[in-house]
Amino acid sequence: MSKISMLEAVKIQSRAIIPVVKALEVELGKERAHELVGNAIANSWAELLASRSPERNTHPGEGEPAAEFPVESEVVEHTDDAYALNFTGCRFADYFREIGEPEIGALLTCGVDFAAEAKLRPDWEFARTQTRMQGAAFCDFRWKRKRSAS
């Protein structure tokens, strides 16, 4: 039995999640529906990653980017206290834009980043101001080591 790719797994998930989100939008309004679904997915993903990754606070630039993520990236800064990465290609974004659901795609993919980073790297500040899912040319992932308040 072959292992499915992360992109294929997200496509399968989207087939189940999109109708649920659409129904919740009707009942609760779009903003509240996206808030509830987005938080649930982000917290679930962060917990899963934390359970699989015993190391915390590692430098974001250590190791290889996860090969299973269908993205293209370029490093724009790499120091002991900062790391900046641009995702210049993203097949998740391509897929959700092709099916006309980039907002729900952001809930399933982009929306998990902040919760995951808070769990995995509590001593690092994480920022991202734009995504390919939102139509930007690249996703701008930025990390800075927090300074202790001593």
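1. A salt bridge here is a side-chain nitrogen of Lys or Arg within 4 Å of a carboxyl oxygen of Asp or Glu. The model is predicted. Searching the whole structure gives 10 salt bridges. Some of them are taken up below, followed by a pocket.

2. Arginine 132 and aspartate 94 form one such bridge, with the closest N and O atoms 3.4 Å apart. That distance falls within the 4 Å limit, so the pair qualifies. The bridge links distant parts of the chain, the partners being 38 residues apart. Arginine 132 sits in the loop between β3 (124–128) and β4 (139–145). Aspartate 94 belongs to helix α3 (residues 91–98). Arginine 132 is buried, at 18% relative accessible area. Aspartate 94 is partly exposed, at 33%.

3. Arginine 128 pairs with aspartate 113, and here the closest N and O atoms are 2.5 Å apart. This bridge also links distant parts of the chain: strand β3 supplies arginine 128, helix α5 (residues 113–120) supplies aspartate 113, and their positions lie 15 residues apart in numbering. Are these two partners buried or exposed? Arginine 128 has a relative accessible area of 15%, and aspartate 113 has 18%. Buried means under 20%, so both count as buried.

4. Salt bridges with shared partners also build a network. Asp81, Arg145 and Arg147 are joined in it.

5. Glutamate 35 and arginine 32 make a bridge within one helix, α2. Their side chains meet at 3.2 Å, N to O. Why is the spacing along the chain of interest? The two residues are 3 apart in helix α2, which means that about one helical turn separates them. Glutamate 35 is partly exposed, with a relative accessible area of 39%. Arginine 32 is partly exposed too, at 39%.

6. Next, a pocket. The second largest one has a volume of about 210 Å³. It is lined by 13 residues. Closest to its centre are Ala106, Leu107, Cys110, Gly111 and Gln134. Two elements, α2 (30–52) and α4 (102–108), each give two or more residues to the lining. Helix α4 has the largest share, 3 residues.

7. What is the lining of the second largest pocket made of, by class? There are 4 nonpolar, 7 polar and 2 charged residues. Gly counts as polar, so Gly111, one of the residues closest to the centre, falls in the polar class.

Note on methods:
Residues numbered from 1 in each chain as written. Predicted model: local features only at pLDDT ≥ 70, side-chain atom pairs only at ≥ 80, totals over all residues. Heavy atoms only, no water. 1 Å grid on protein atoms, 1.4 Å probe; cavity = no way out; pocket = protein on both sides within 12 Å on 5 of 7 lines; lining within 4 Å. Points joined across faces, edges and corners; volume = space filled by probe spheres on them. Helix = DSSP H or I, 4+ residues; strand = E, 2+ residues; numbered from the N terminus. Buried < 20%, exposed > 50% of the residue type's maximum accessible area, 1.4 Å probe, protein only.
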